[in-house]
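Work through the exercises below with the sequence and the structure open. Each task is followed by a solution in steps.

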2 protein chains.
Amino acid sequence: MKNITAAAVLMLVSATSAFGDEGMWTPDNLPKAQVQANHGFTPDAKWAEHVQKAALRLAGGCSGSFVSPDGLVLTNHHCINSCVQQLSSAEKDYIKDGFLARDRKQELRCPEIELNRLDRIVDVTERVREATKGRTGEDYSTAEKAIKTTLEKECVGKDSAVTRCDVVSLYHGGIYNLYQYHRIQDVRLVFAPELEAAFFGGDPDNFNFPRFDLDMGLLRAYENDKPMRPKHYFPFSKNGAEEGEMTVIVGNPGGTDRQLTVAQLELARDSQLLSYLLLLAERRGLLEQFRSESDENWRIAQSDLFGTENSYKVLRGRISALQDPEVIALKRAQEKELRDFVDADPERKARYGRAWDEIAKAVALQRDIQDQYAYVEGGRGFYSRLYAYAKMLVRGADERGKPDAERLREYTDARLPALTQRLFSSAPIYPEFEKVKLGWSLTKLRENLGTNDPFVKKVLGRESPEALARRLVEGTKLGDPAVRKALWEGGSEAIAKSDDPFIVLARSIDADGRAIRKRYEADVESVIARNSELIAAARFEKYGTSVYPDATFTQRFSFGEVKGWDEKGVPVPPFTTMGGAFGHETGHYPFALPKSWHDAKDRINLDQRYNFVTTNDIIGGNSGSPVINGKAEVVGLVFDGNIHSLGGNYWYDERLNRAVSVHSGAMLEALRNIYGADNLVREIEAARR
Amino acid sequence: MKNITAAAVLMLVSATSAFGDEGMWTPDNLPKAQVQANHGFTPDAKWAEHVQKAALRLAGGCSGSFVSPDGLVLTNHHCINSCVQQLSSAEKDYIKDGFLARDRKQELRCPEIELNRLDRIVDVTERVREATKGRTGEDYSTAEKAIKTTLEKECVGKDSAVTRCDVVSLYHGGIYNLYQYHRIQDVRLVFAPELEAAFFGGDPDNFNFPRFDLDMGLLRAYENDKPMRPKHYFPFSKNGAEEGEMTVIVGNPGGTDRQLTVAQLELARDSQLLSYLLLLAERRGLLEQFRSESDENWRIAQSDLFGTENSYKVLRGRISALQDPEVIALKRAQEKELRDFVDADPERKARYGRAWDEIAKAVALQRDIQDQYAYVEGGRGFYSRLYAYAKMLVRGADERGKPDAERLREYTDARLPALTQRLFSSAPIYPEFEKVKLGWSLTKLRENLGTNDPFVKKVLGRESPEALARRLVEGTKLGDPAVRKALWEGGSEAIAKSDDPFIVLARSIDADGRAIRKRYEADVESVIARNSELIAAARFEKYGTSVYPDATFTQRFSFGEVKGWDEKGVPVPPFTTMGGAFGHETGHYPFALPKSWHDAKDRINLDQRYNFVTTNDIIGGNSGSPVINGKAEVVGLVFDGNIHSLGGNYWYDERLNRAVSVHSGAMLEALRNIYGADNLVREIEAARR
């Protein structure tokens with residue numbers, strides 16, 4: 001992110017509208033002219049609808065796509081890593097050994113994966129505006145939640161098991177859309193390579209390139225206990241990605257902060273990112289040492305450690321981007337350009353002019369109360385699955401007793417299927433690990449809120465964090481899904497009667513969490529939301545719809561091409577080969593290929609293109625997205641970005657920002673010649689015909 | 001550090017010279033008029049000499065003082081914690097149980113403690129100036145080192161075992177002084193309370209107040225196997241500190257950054273502090289988990305964890321101070337005031353005008369190479385005592401073959417006694433702990449320099465960090481002090497022949513460390529040093545000697561008084577009582593008092609003042625400093641600062657910044673009524689007569 005020349009900043013300043021391959025576009029507003037100009041391709045409506053419906057969202061935070069008419073789903077290994085871990089045990093370690101279902105009977109259901117296919121988008125801006133008109137603070141916040149819940153309920157209709165609807169705020173409230181999804185919760189594991197192949201290079205290579213990862217996994221969508229038969233799916237291209245070829249990535253970028261105000265960015269830089277990074281760093285050290293204690297601990301902690309290290313690297317890159325004086329200068333200039341536009345006209349000024357200062361005021365309050373919010377209600381002080389279950393049960397009993405529109409958003413009828421999937425999950429719980437994580441996070445709660453904080457005293461009483469964690473974990477029965485189910489179904493009465501120590505704790509602090517949340521939503525979030533809407537409207541007035549909205553973990557199209565970059569004067573070629581993986585080996589984790597690769601080395605086409613980079617504008621959440629060509633064929637599978645892509649949270653730098661993908665040819669080569677997955681190769685290749 | 005009003009900033013801007021109780025003053029330049037005005041006391045020459053010579057420095061990073069004519073030394077428990085740990089074993093855990101020598105025969109020698117008594121200060125500015133005149137870059141760096149070594153050698157004379165001399169650069173090169181110390185390496189442990197009493201409240205309460213810590217320890221200085229008989233020592237005051245009373249703290253503040261340029265402060269804020277904080281946070285997590293694995297691990301890791309958590313909190317406070325826009329505004333204003341003064345006169349401008357920009361340029365390079373320097377040469381990549389020994393042996397053999405003035409500074413004849421004390425120390429080495437620490441730090445080396453960095457490849461080869469650490473620790477004999485001694489005495493030949501794996505490693509990377517160090521010293525440090533000298537000279541021209549130099553871990557006097565502060569509108573009283581400690585108990589570490597306190601509760605005067613705060617301007621390194629009154633009697637013992645004191649690295653805020661001390665009366669009360677240390681109480685009280 002360094003070395004941005006002043007000239008480059010000036011160039012970018014006037015380019016608030018997208019240029020080059022910048023942009024994460026909603027399916028209903030594709031930048032046709034821009035794509036035609038850059039790539040000689042026009043994404044027409046039929047093509048767009050096909051792509052929209054062949055693509056998938058993994059509700060847990062990833063993307064994927066159908067790649068066969070029998071419901072085969074392609075995504076990343078790191079997107080299904082938690083499923084692979086949950087299906088493993090000390091006896092069968094699929095993380096280490098990989099998994100292959102040789103026929104459909106061997107496919108194993110993932111306890112917590114939900115797939116969403118986007119079927120319909122409806123503009124509901126007017127209805128939201130009407131409901132919130134003239135309201136502020138808590139009143140605004142309540143009304144906004146109520147209308148969203150109402151809209152979602154109407155949309156879902158009777159069958160919330162197969163229909164999911166989310167009201168999505170685009171352009172920070174510039175537009176409200178209702179996204180209707182087909183929901184699939186019976187998702188089964190078909191194929192996962194060994195972690196050593198999927199995550200070759202491990203954390204050291206994460207967000208780097210050249211790269212040599214088979215970060216793929218295959219799932220199958222089931223309905224009524226039968227493989228689903230999707231109308232739309234992506235066949236694999238015959239040859240895969242070529243240099244200079246246009247690449248389209250369709251997926252669900254989780255979030256970007258490109259349209260935040262400077263005050264918000266400064267808060268992120270000086271406070272939010274720093275605090276959370278320090279927490280992640282410490283958690284990382286804790287998990288590293290826990291993991292090293294035994295093979296079993298290694299397996300148990302792997303998924304938590306991956307998530308921690310991944311977030312750590314992402315946030316480290318973001319803070320570096322924000323510390324770059326030239327990035328902040330760019331943001332200031334962009335903000336000034338829009339404010340000057342607003343101030344130039346008295347009527348516009350009256351309408352929008354105060355929005356930035358109002359946000360700055362909310363941000364000052366946010367700075368003061370964000371730790372309390374994060375630790376008390378956000379769960380930062382209670383790093384434990386068991387606690388999360390207890391909270392869902394206590395809150396859920398309460399909330400389900402209320403009319404839908406008055407509930408906390410995550411307990412509305414439309415959201416319950418996703419919540420209960422997690423709550424009733426058969427994923428194993430490891431008590432010793434729970435004690436370590438919870439005990440540690442309670443010490444962080446104490447550290448961050450202070451020893452004498454009333455909430456801390458309420459939680460700890462005269463116990464030490466470690467002793468409390470031990471007592472809770474050893475005394476609870478919530479590790480058993482049947483117990484959780486009974487408590488859920490027993491409702492308020494069962495919760496009130498329960499003497500399970502986690503339930504007792506969650507019950508006793510429920511009001512504290514609600515109180516800080518209410519304050520945060522009313523005095524911070526709703527102020528920011530209202531004023532961001534104003535800024536969005538001003539932006540529309542100035543730039544029209546030539547701008548794309550910040551990412552919102554909803555479907556976006558990104559157009560780019562296969563292209564290397566120049567790293568401080570050294571060109572980085574866009575491709576690696578499978579043979580290169582052997583050259584990159586040291587023989588020790590994370591730089592050791594699994595036995596299967598060594599056994600198969602003679603059979604592998606070592607010149608096969610393996611990983612590659614493209615100019616597509618993506619971000620976390622896009623993991624598992626298909627990389628397709630103009631014919632809507634899979635040419636690759638996104639799994640990462642290069643190190644420069646981390647600044648992409650704030651701006652897109654076409655010179656350096658690259659998406660990193662597995663080549664489609666390498667996936668087929670590995671399935672065929674390393675894993676002997678002939679059944680899957682046949683299925684994928686048949687889809688092409 | 002928040003809530004600095006703009007008015008306060010303006011007030012402070014014009015106050016580059018000290019005001020109120022600000023200032024860490026050298027013994028030869030006490031602010032007599034200021035002290036007289038503030039406290040009605042004049043520190044005359046005789047008084048100053050007495051205080052100077054009764055006070056002590058612990059070479060490892062603390063302060064102390066003689067408190068009896070038989071060489072009894074008072075300092076903090078946390079300053080002798082490593083000695084207490086080194087003398088402990090699985091059978092005798094003095095960290096947990098405390099230690100008391102009932103007579104002199106029971107006193108145990110600390111393996112690595114060195115005491116320094118400051119005997120003489122000589123101004124050598126002219127000789128240094130002469131030697132470095134007109135030189136730049138490496139040439140400057142070499143000449144400066146040579147003259148320092150020469151001056152120190154002349155000063156030490158024949159007996160380096162009892163005389164230590166350090167050339168000290170004050171005012172960032174404004175003045176060079178030679179400090180001559182009496183060196184004492186036979187230092188024995190006399191008394192240490194249980195960690196639970198000394199560090200009651202643990203990390204959560206560290207840098208906080210109200211506080212309830214018996215953070216004291218007693219040592220005895222020996223010479224020729226007999227207790228030393230110092231001429232100067234501090235008797236305990238009869239009643240101890242009173243509210244509003246003047247308090248003088250004499251000790252060795254480690255370092256402050258109050259006179260750095262804005263460019264240097266920005267580097268610290270955006271890069272140095274952040275990187276190191278993240279490393280400390282991760283190390284903290286690692287050590288916390290390691291410690292939790294067994295009682296033995298708890299004891300082994302305690303000192304490392306204390307150091308890590310303490311540094312973490314200090315640096316966290318510093319980064320917050322630098323992120324406060326108003327602190328940076330103050331610094332900018334101060335810099336501008338001086339630069340305007342310089343620019344106002346053409347001759348001055350010619351002499352000093354470029355210094356700030358030259359430093360900014362050096363800082364830009366520093367930003368690029370500081371990681372390499374820290375990881376390759378600074379030891380950040382090799383967190384291991386065994387590696388430190390190997391490096392000392394390899395370097396030492398090489399350096400001792402050169403003329404004294406050409407050696408690296410830490411291997412000059414004047415410095416060898418301190419170095420060999422560490423090298424030949426009988427402190428135990430814990431192989432499993434070494435493996436954990438070294439293995440982890442090697443992964444950080446790889447992470448920070450990059451997998452493909454040539455140095456990383458050279459160190460790791462095809463081994464994993466963990467495997468390399470295992471091989472080194474399991475294959476070495478350096479854990480045995482006799483082996484280290486033989487290698488040291490065997491010199492270059494023994495080192496060349498050694499196949500000890502740590503020696504082999506240290507040998508193979510020695511040149512890499514030297515190369516980056518040379519570059520760093522020539523292109524960063526020497527540029528900053530030369531130009532800081534210019535700024536110092538400009539500052540003298542404008543402000544005269546009414547300013548005090550940044551702290552340099554040399555003796556300083558600080559004048560203040562017993563006084564609470566106002567915490568967001570709530571007054572914090574200056575004293576706590578011993579009874580308050582019982583009220584602050586939860587019964588769980590770190591909020592559990594030891595059994596000795598509970599057993600003695602009936603005998604203790606619960607109203608006895610326990611800890612207290614004063615306005616003295618101190619910083620890390622002052623730990624263990626005596627708090628004395630105008631009669632040079634001990635009224636307390638510094639062990640901490642309040643949370644606001646952490647910003648004291650950059651500026652002194654009299655409204656909030658407080659030193660935290662143990663009351664002299666509480667020390668006597670505890671020795672008498674809890675620990676039954678009648679022998680020590682008699683000795684201390686006899687000193688008063």
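## Exercise 1: a sheet in chain B

In this predicted model, Thr577(B) has Arg609(B) of β17(B) opposite it.

Task: Find which strands stand at the edges of the sheet, and which helices lie on it.

Solution.

Step 1. Write down the strand order. The sheet is open and has 7 strands, arranged β13-β12-β18-β19-β20-β17-β16 in chain B, with antiparallel pairing.

Step 2. Look for strands with a single partner. These are β13 (556-561) and β16 (575-577) of chain B, so each has one side without a neighbour in the sheet. From one strand to the next, the twist averages 30°.

Step 3. Check the pairing of one edge strand. β16(B) pairs with β17 (residues 609-614) of chain B over 2 bridges, in the antiparallel sense.

Step 4. Place the helices. Helix α2 (residues 32-39) of chain B packs on the sheet and touches β12 (246-251) and β13 of chain B, its direction making about 15° with that of β13(B). Helix α3 (residues 45-54) of chain B runs at about 110° to β13(B) and lies across β12, β13 and β18 (626-628) of chain B.

## Exercise 2: two salt bridges in chain A

Task: Decide which parts of chain A are tied together by the salt bridge between Asp413(A) and Lys153(A), and by the one between Glu683(A) and Arg220(A). Are Glu683(A) and Arg220(A) buried or exposed?

Solution.

Step 1. Take the Asp413(A)–Lys153(A) salt bridge, where the closest N and O atoms are 2.6 Å apart. Asp413(A) sits in the loop between α15 (385-400) and α16 (416-423), and Lys153(A) in helix α7 (residues 137-156), so the bridge ties parts of chain A that are 260 residues apart in sequence.

Step 2. Read the accessibilities. Asp413(A) is partly exposed at 30%, and Lys153(A) is partly exposed at 38%.

Step 3. Take the Glu683(A)–Arg220(A) salt bridge, with an N to O distance of 2.7 Å. Glu683(A) is in helix α25 (residues 678-688) and Arg220(A) in strand β10 (residues 217-223), so parts of chain A 463 residues apart in sequence are tied together.

Step 4. Apply the cut-off: buried means under 20% relative accessible area. Glu683(A), at 11%, is therefore buried, and Arg220(A), at 1%, is buried too.

## Exercise 3: a salt bridge in chain B

Task: Which helices of chain B hold Arg332(B) and Glu266(B)?

Solution.

Step 1. The two side chains meet in a salt bridge (2.8 Å, N to O). Arg332(B) is in helix α12 (residues 325-343) and Glu266(B) in helix α10 (residues 262-291), 66 residues apart.

Step 2. Arg332(B) is partly exposed at 43%, and Glu266(B) is partly exposed at 22%.

How values were computed:
Residues are numbered from 1 along each chain as its sequence is written. Chains are lettered from A and ligands numbered from 1 in the order in which they are written. This is a predicted model: local features need pLDDT of at least 70, side-chain atom pairs count only at pLDDT 80 or more; totals for chains, interfaces and linings use all residues. Side-chain values use heavy atoms; hydrogens and water are left out. A salt bridge is a side-chain nitrogen of Lys or Arg within 4 Å of a carboxyl oxygen of Asp or Glu. Helices (H or I, at least four residues) and strands (E, at least two) are DSSP runs, numbered from the N terminus. Buried means under 20% relative accessible area, exposed over 50%, partly exposed in between (1.4 Å probe, protein chains only). Two strands pair if DSSP finds at least two bridges between them. Axes are lines fitted to C-alpha atoms, for helices over the stretch in contact, and angles run from 0 to 180 degrees between N-to-C directions. Contact means heavy atoms within 4.5 Å.
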